[in-house]
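Here are my notes on the model you sent, set out as numbered points that can be followed with the structure open alongside.

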Amino acid sequence: MILDRDGTLIAERHYLSDPEDVELLPNAAAGLRLFEEMGWGRVLVTNQSGVGRKYFDGKCVEAVHGRMRALLAEDGASLDGIYVCPHAPEDNCACRKPKPALVLQAAAEWDFDVRESVVIGDKACDIDLGRALGATTILVRTGYGAEQLTSGEARPDFVIGDLTEAADLVEKMKNGKPEKGPELWHGSDDWLRGHLAESIATKRRLLDENAAILKAAAVITGSLAANGKLLLCGNGGSAADCQHIAAELVNALTQDFRRPGLPAIALTTDSSILTANANDSGYAGVFERQVQALGRPGDVLVGISTSGNSENVIRALRYAREHGMHTIALTGASGGRMADCAGVVIRVPSQNVQHVQESHITIGHIICALVERSLFPGA
């Protein structure tokens with residue numbers, strides 16, 4: 001059993017050097033006892049770059065480990081060996097995790113096969129160490145574990161809560177009953193939660209864009225009330241959003257609000273027009289040409305781009321604005337070059353393309369609802 005120290009066995013402390021700051025994590029001692037009862041050796045491998053950076057010396061590390069051993073002993077637990085890399089990352093040594101030198105040294109001294117070992121830690125370097133050894137890797141959610149899973153930095157074989165859960169898992173593996181994980185990556189649940197949390201946070205920040213969203217809805221409502229129409233353009237996922245929004249207006253946003261269809265055209269759907277224009281004149285003009293053919297003064301053009309820098313959308317917005325059409329841009333946090341081309345700019349306050357796209361379709365639904373209820377208040 002190859003164990004990490006900080007965040008796995010003891011509480012994470014930034015450059016821990018004072019023995020008084022040593023704190024066993026909950027269930028850490030209990031987990032070690034279970035490993036010992038199952039006959040597993042317990043070797044701790046830790047990177048301590050504070051020594052190499054001259055923040056403290058090796059004697060401080062020894063004192064910290066003395067205190068850790070004492071606390072473990074009070075709970076009836078122990079370690080067979082402790083192996084320390086004292087170097088800074090820039091030293092490019094062979095013993096700093098994820099490099100395997102310390103584990104290979106421990107394997108020689110304690111006579112175990114690294115390929116049959118289990119590496120447990122809370123960081124990507126622990127998991128990468130295990131993979132380099134051909135060992136089973138387990139990431140605990142303590143320390144930096146949950147954060148590393150959310151970011152996708154660590155890709156372990158198994159994810160568990162703490163060392164007691166790790167011991168339970170290893171016992172099942174030892175008894176020939178390995179826990180069968182899902183086909184998805186084992187960090188999928190944590191990544192999912194992190195993605196949804198940030199998506200929710202983005203939409204909360206979007207509340208600051210209320211005025212721009214309401215203004216966009218008012219502009220579209222005024223145009224449609226005056227027998228105008230809505231044109232939409234964008235690329236990739238934004239092209240799909242254009243089609244989605246147009247479909248909601250032509251058809252119906254919800255079945256419980258009955259009203260006539262509204263004139264909305266996604267300029268992203270006619271493959272013959274798109275490919276002919278791209279082939280003859282280049283892709284940068286595929287939307288501008290359609291705005292020229294279909295747009296009229298008083299109509300509305302909505303341009304959607306997460307970066308705000310899509311050249312074909314920018315050209316379409318400029319043409320529309322110069323020829324008496326209303327223009328609306330849906331973009332990301334910066335607004336990009338589109339911010340100077342549109343009369344109304346709705347910025348999603350995020351740099352993450354996925355969260356911007358998720359918010360764009362939310363904005364589209366909101367605008368559709370506001371427009372239809374404003375045009376047909378009695379429906």
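1. I begin with Asp 126, which, once its neighbours within four places in sequence are left aside, is in contact with Asp 4, Lys 97, Val 119 and Gly 121. Please keep in mind here and below that this is a predicted model. Asp 126 belongs to helix α5, which spans residues 124-133, and it counts as buried because its relative accessible area is 2%, where buried means under 20%.

2. Lys 97, one of the residues in contact with Asp 126, also deserves a look for its backbone, since the peptide bond leading from Lys 97 to Pro 98 is cis, with omega near 15°. Pro 98 itself sits in the loop that runs between β3 (81-85) and α4 (101-110).

3. Two residues have a positive phi without being glycine, and I would inspect each of them in its loop. Lys 54, with phi of about 70°, is found in the loop between α2 (49-52) and α3 (58-74), and its relative accessibility of 72% makes it exposed. Asp 111, with phi near 55°, lies in the loop between α4 and β4 (118-121), and this residue is likewise exposed, at 71% relative accessibility.

4. Which residues of helix α12 are buried? In this helix, residues 286-294, they are Val 286, Phe 287, Gln 290 and Val 291, and they lie on the same side of α12 because they cover an arc of only 130° around its axis. Arg 289 and Ala 293, on the other side of α12, are exposed. The elements covering the buried residues include β7 (230-234), α11 (271-281), β9 (300-304) and α13 (311-322).

5. The structure contains two cavities of 30 Å³ or more, and the largest of them holds about 60 Å³ of space. Its lining consists of Ile 220, Leu 230, Leu 232, Ile 245, Val 302, Leu 330, Gly 364 and Ile 367, with β7 and α14 (353-375) each supplying at least two of the lining residues. By class, seven of these residues are nonpolar and one is polar, while none is charged.

6. The second largest cavity, with a volume of about 30 Å³, is lined by Thr 8, Leu 25, Pro 26, Asn 27, Ala 28, Thr 142, Asp 162 and Leu 163. The classes represented in this lining are four nonpolar, three polar and one charged.

Methods. Residues numbered from 1 in each chain as written. Predicted model: local features only at pLDDT ≥ 70, side-chain atom pairs only at ≥ 80, totals over all residues. Heavy atoms only, no water. Buried < 20%, exposed > 50% of the residue type's maximum accessible area, 1.4 Å probe, protein only. Helix = DSSP H or I, 4+ residues; strand = E, 2+ residues; numbered from the N terminus. Arc of directions from axis to C-beta. Contact = heavy atoms within 4.5 Å. 1 Å grid on protein atoms, 1.4 Å probe; cavity = no way out; pocket = protein on both sides within 12 Å on 5 of 7 lines; lining within 4 Å. Points joined across faces, edges and corners; volume = space filled by probe spheres on them. Nonpolar A, V, L, I, M, F, W, Y, C, P; charged D, E, K, R; others polar.
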